[in-house]
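Here is a quick tour of the structure, taken one topic at a time. Keep the viewer open as you read.

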Amino acid sequence: MAASLELSCWGGGWGLPSVHSESLVVMAYAKFSGAPLKVNVIDNTWRGSRGDVPILTTEDNIVSQPAKILNFLRKQKYNADYELSAKQGADTLAYIALLEEKLLPAVLHTFWVESDNYFTVTKPWFASQIPFPLSLILPGRMSRGALNRILLTRGQPPLYHLREVEAQIYRDAKECLNLLSNRLGTSQFFFGNTPSTLDAYVFGFLAPLYKVRFPKIQLQEHLKQLSNLCRFCDDILSSYFRISLGAFSCVNRYQQQIDFGEVHSHDSTT
Amino acid sequence: MSLVAEAFVSQIAAAEPWPENATLYQQLKGEQILLSDNAASLAVQAFLQMCNLPIKVVCRANAEYMSPSGKVPFIHVGNQVVSELGPIVQFVKAKGHSLSDGLDEVQKAEMKAYMELVNNMLLTAELYLQWCDEATVGEITHARYGSPYPWPLNHILAYQKQWEIKRKMKAIGWGKKTLDQVLEDVDQCCQALSQRLGTQPYFFNKQPTELDALVFGHLYTILTTQLTNDELSEKVKNYSNLLAFCRRIEQHYFEDRGKDRLS
């Protein structure tokens with residue numbers, strides 16, 4: 001409780017506190033577990049970082065990667081899972097693996113590889129958040145990283161062709177969404193009435209897919225047909241991330257602070 | 001496989017029953033095969049045994065290159081070739097045999113999730129240990145992987161494969177992990193499997209499914225393969241219900257059928 005926790009992550013848009021899946025997972029978990037997180041949104045003063053965003057900084061530690069950040073928060077006694085049984089804890093791990101293997105490639109493809117989406121939405125948005133000259137380099141690097149990841153995990157050596165895997169990854173992603181919808185059923189959260197780690201992960205992966213306006217939207221269309229998953233995202237957004245465009249407190253005009261319950265985001269599109 | 005090709009294969013598969021001369025191809029058992037490939041092959045063999053389908057195991061040095069997807073094992077049934085457990089399960093289902101038909105939707109989701117957990121953590125950890133841990137690479141992997149080939153091909157192939165695996169590890173974020181962290185992940189995975197299994201005989205109570213075959217393949221191979229140190233098998237041995245699970249499947253599906261004992 002004593003150490004101040006600062007999270008450096010990508011900012012929000014389209015009604016979300018963050019557009020980046022991994023940042024959103026960490027932010028959601030912090031809300032669920034009650035961790036007092038000071039969120040520093042990446043803006044024009046950012047000079048780049050050694051690790052991958054999101055990054056949690058405390059007085060003595062720098063932690064990157066969502067899994068490690070969540071572990072660190074748990075060790076600091078901010079645990080959203082203490083009501084879960086052992087089997088539910090095991091299920092959490094399994095479903096997170098399912099998300100990473102089946103859903104993540106298609107989400108990465110929708111955001112970073114599909115040319116219409118990338119050039120009209122993703123690249124301009126990310127480039128607008130960071131200073132020149134990083135804005136020229138970083139989005140391209142992230143796009144290549146995403147393509148690499150898809151090809152290396154799904155493609156077939158020695159010739160990695162994207163077209164062959166595209167159909168397969170979207171099919172897997174749709175199946176994964178159906179499985180999640182079946183599992184959620186009519187409950188409010190995945191394990192009972194309080195949100196846990198799995199809810200944070202599912203929210204982090206689904207919410208950007210649900211809310212961001214893309215030209216090529218086949219996966220988004222599929223998600224919108226699964227009404228319980230959409231309801232799940234909307235519930236979390238309205239209960240934990242109430243967005244008030246009017247009142248905000250900021251230290252200087254380049255830094256956004258997210259206090260508990262109030263989020264200010266400069267929404268460029270509706 | 002593209003969607004059209006897959007639909008086509010399913011149709012052809014449904015037309016014929018399972019033949020007697022179906023064969024499974026893997027690398028050479030004694031000198032060449034590695035931990036991860038052995039685990040995959042054993043998982044497929046266990047699955048086919050559970051479905052009561054006869055299969056003959058054939059060892060070939062170039063099995064990896066013969067496979068349509070580059071991964072072992074693959075099965076040759078009639079005039080079709082299918083590789084990897086996932087597609088093989090689909091193929092067998094098209095022929096009318098399935099282990100998971102009795103499960104409801106939520107259970108099927110759980111089964112798929114746990115199978116991904118095994119692939120995500122256990123398989124990746126095995127690959128890491130084999131190809132990114134310098135001690136194991138030097139002593140075991142390099143020598144085994146290229147053993148059927150003459151110099152300098154054996155070295156070239158081994159280095160090429162190592163480079164490929166390292167690229168993949170880096171892409172999924174395992175490049176910077178230390179061996180201890182990897183072993184911790186294995187422990188977490190085994191703990192999750194152990195908790196899910198509980199005191200039941202199989203993961204979905206009375207009947208085994210493809211999940212049981214996959215878990216058996218990996219755990220049995222980890223327990224019985226000699227590596228530079230025993231840390232990996234120690235992690236599995238901590239969970240007595242997993243050990244009992246492996247023993248049960250081994251006895252029921254491999255020894256009782258009069259097949260050769262698994263080495």
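## Chain A at a glance

Of the 270 residues in chain A, 53% count as buried. Keep in mind that we're looking at a predicted model here. The accessible surface of this chain adds up to about 12300 Å², and carbon and sulfur atoms account for 52% of that.

As for secondary structure, chain A has nine helices and four strands. Walk along the sequence and you get the pattern β-α-β-β-β-α-α-α-α-α-α-α-α. What about long-range contacts? If you take the contacts in chain A between residues at least 6 apart in sequence, 71% of them join residues at least 24 apart.

## A greasy spot on the outside

Now for the surface. F132(A), L136(A) and I137(A) make up a nonpolar patch there, and together they offer about 360 Å² of accessible area.

I137(A) is worth a click. You'll find it in helix α5 of chain A, which covers residues 134-154. Is I137(A) buried or partly exposed? The cut-off for buried is under 20% relative accessible area and for exposed over 50%; I137(A) comes in at 44%, so it counts as partly exposed.

## Two domains in chain B

Over in chain B, the chain splits into domain 1 (3-95) and domain 2 (105-255). Taken over C-alpha atoms, the centres of these two domains of chain B are 19 Å apart. How many residues are involved where they touch? On the domain 1 side of chain B there are 24 residues, in contact with 32 residues of domain 2 of chain B.

## The cores

The largest nonpolar core holds 168 residues, and F203(A), W18(B) and I75(B) are the ones with the most contacts inside it. Helix α3 of chain A (residues 86-113) supplies the largest share of this core, with 15 residues. Chain B joins in as well: domain 1 (3-95) and domain 2 (105-255) of chain B each put in at least three residues.

Zoom in on I75(B) and set aside its neighbours within four places in sequence. What is I75(B) in contact with? Its partners include W18(B), T23(B), L24(B), V44(B), L48(B) and I55(B). Further along the sequence, Q80(B), V81(B), V82(B), I88(B) and F91(B) are also in contact with I75(B). Apart from the 168-residue core lies another one, made of five residues, among them Y25(B), V58(B), A63(B) and F74(B).

Definitions and conventions. Residues are numbered from 1 along each chain as its sequence is written. Chains are lettered from A and ligands numbered from 1 in the order in which they are written. This is a predicted model: local features need pLDDT of at least 70, side-chain atom pairs count only at pLDDT 80 or more; totals for chains, interfaces and linings use all residues. Side-chain values use heavy atoms; hydrogens and water are left out. Patches are made of residues with over 30% relative accessible area and no salt bridge: like charges are joined within 9 Å, nonpolar side chains (Val, Leu, Ile, Met, Phe, Trp, Tyr) within 5 Å. Accessible areas come from the Shrake-Rupley method with a 1.4 Å probe; for residues, only the protein chains shown count as cover. A salt bridge is a side-chain nitrogen of Lys or Arg within 4 Å of a carboxyl oxygen of Asp or Glu. Helices (H or I, at least four residues) and strands (E, at least two) are DSSP runs, numbered from the N terminus. Buried means under 20% relative accessible area, exposed over 50%, partly exposed in between (1.4 Å probe, protein chains only). A nonpolar core is a set of buried Ala, Val, Leu, Ile, Met, Phe, Trp, Tyr and Cys residues joined through side-chain atoms within 4.5 Å. Domain bounds come from an automatic or database domain assignment. Contact means heavy atoms within 4.5 Å.
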